[in-house]
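Welcome! Have the sequence and the 3D view ready, and work through the exercises below at your own pace.

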Amino acid sequence: MNSEGIKAILLDLDNTLIDTAGAGGVAIQKVTELLKTTLGHEHTIAICDRFKHKLHHETFDPAGGRTIDEVRISHWEESIQEVMGGSPSSNPTLASECYYQWKNTRLELLTITPPVLTLLKQLRTSHKLLLLTNGETQTQREKVVALGCQGLFDAVVVGGEHAEEKPARSIFNHCFGKLGVQAHDCVMVGDSLDTDIVGGFNAGVRATVWINDGGVRPPEGSVNPDYTIPSVLDLPEVLAKLK
C-alpha cells in the first residue's frame, strides 16, 4: 500500500475515522428520555435543540477560568431556563445530569470499527500516520483515550493545544515537523472542506482527500479537494493513484 513520494498521512478524527455525529445523536436521545421523566414530553425537544445550537456555536477560552465541563453544563442550564420561561429549574442538578448523560453516552459509543482499525494498521506498515483533530483539549483527549487509539499513530495533534487550529498553516507545519517530513510528502484526509481540505491545500500537501459520506456537492466557491471518497476505507484507492 506504499505510494511513491507519500511518506505520511494526516487524518482527521471526528466523522472521518469515527461516527461522532451518530454517537451524538444517540446521546441527545438519552437526554431526551431523562428530561421527559423530570419536565415532561412537551419541552424536551426544544431544550435539546437549544443545547445543540449552543454547542455548535461554542467558543471556549481555556484562560477564562471555567473548564469545558462547566461551560457545557451551563449550556444545558441556559437551555432549560430559556425553554421553561426563564425561571430556574426546580431541580438544580438537572443541567449537570443532562450534560454527563450526553457526554458519557457519546464517549461510550465512539469506536473505531474493525475495518477502519485494520486499514490503519495496514497503512502504518508503509506510511507515517498522524491524527490531527480540532477541538478543546480535554474533549478531544478524552475521545482518544476512550478509543484507545494513541498507539495507532506516530503522533496525535489536538488543535486546542496550539495557538491555531486547522486550517491554519502553523499547525500543519507543526505536524510536518513532528513526523520529519515535508508538506509534499503528505496527504490530508478529512470530512471538513473548511478545515481539513482548505488547511491541507494552503499547507501545500501532495493531495487532499475529502470524506463525503452523504454525496453532497461542495458549496459554490469552496475549495475543490483533489479526491473525494465516501469513506476512509476507500483511501487505498486514492493512494494507488498517487504512485
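**Exercise 1. The largest core**

Which residues have the most contacts inside the largest nonpolar core?

Solution. Keep in mind that this is a predicted model.

Step 1. The residues to pick out are Leu11, Leu17, Leu120, Phe153, Val189 and Leu235, in a core of 34 residues.

Step 2. Next, see where the core comes from: elements that each supply at least two of its residues include β1 (8–11), α5 (114–124), β2 (128–133) and α9 (235–241). The largest share, four residues, belongs to α5.

Step 3. Now zoom in on Leu120. With neighbours within four places in sequence set aside, Leu120 is in contact with Leu11, Leu17, Ile112, Leu129, Leu152 and Phe153.

Step 4. Finally, look for another core lying apart from the largest one: this other core has 18 residues, including Ile28, Leu39, Ala95 and Cys98.

**Exercise 2. Two helices checked with a ruler**

Find how far α1 and α3 reach, and decide whether each span agrees with expectation.

Solution.

Step 1. Start with α1, which has 20 residues. From its first C-alpha to its last is 28 Å, close to the 28 Å expected at 1.5 Å a residue.

Step 2. Turn to α3, with 16 residues. The expected span is 1.5 Å times one less than the number of residues, so α3 should span 22 Å; its end C-alpha atoms lie 23 Å apart, which agrees.

Step 3. Look just past each helix. Gly40 follows α1 with a positive phi of about 90 degrees, and Gly85 follows α3 with a positive phi of about 95 degrees.

Step 4. Ask what covers the buried residues. For α1 the cover includes α2, α3, α4 and α6; for α3 it includes α1 (20–39), α2, α4 (94–109) and α6 (137–147). Among the buried residues of α1 are Ala27, Val31 and Leu35, while those of α3 include Arg72, His75 and Trp76.

**Exercise 3. Rings that meet**

Work out how the rings of Phe51 and Trp76 are arranged, then do likewise for Tyr99 and Tyr100.

Solution.

Step 1. There are four aromatic pairs to consider. In one of them, Phe51 and Trp76 have ring centres 4.0 Å apart and planes at 10 degrees. Planes under 30 degrees apart count as stacked, so the Phe51 and Trp76 pair is stacked.

Step 2. Place this pair on the chain: Phe51 sits in α2 (residues 41–56) and Trp76 in α3 (residues 68–83), 25 residues apart, so the pair links distant parts of the chain.

Step 3. Are these residues buried or exposed? Phe51 has a relative accessible area of 0% and is therefore buried; Trp76, also at 0%, counts as buried.

Step 4. The centres of the Tyr99 and Tyr100 rings are 4.8 Å apart and their planes stand at 65 degrees, so this pair is edge-to-face. Tyr99 is buried at 2%, whereas Tyr100 is partly exposed at 34%.

Step 5. Put the pieces together: Phe51, Trp76, Tyr99, Tyr100 and Trp102 form one aromatic cluster.

**Exercise 4. An enclosed space**

How many cavities of 30 Å³ or more does a search of the whole structure find?

Solution.

Step 1. The search finds one. About 70 Å³ of space lies in the largest cavity.

Step 2. Its lining consists of Arg72, Tyr99, Trp102, Lys103, Arg106, Leu107, Thr139, Glu142 and Lys143.

Step 3. Two or more lining residues come from each of α4 and α6, and α4 gives the largest share, five residues.

Notes:
Residues numbered from 1 in each chain as written. Predicted model: local features only at pLDDT ≥ 70, side-chain atom pairs only at ≥ 80, totals over all residues. Heavy atoms only, no water. Phe/Tyr/Trp six-rings, centres within 6.5 Å; stacked < 30°, edge-to-face > 60°. Buried < 20%, exposed > 50% of the residue type's maximum accessible area, 1.4 Å probe, protein only. Contact = heavy atoms within 4.5 Å. Core = buried A, V, L, I, M, F, W, Y, C linked by side-chain atoms within 4.5 Å. 1 Å grid on protein atoms, 1.4 Å probe; cavity = no way out; pocket = protein on both sides within 12 Å on 5 of 7 lines; lining within 4 Å. Points joined across faces, edges and corners; volume = space filled by probe spheres on them.
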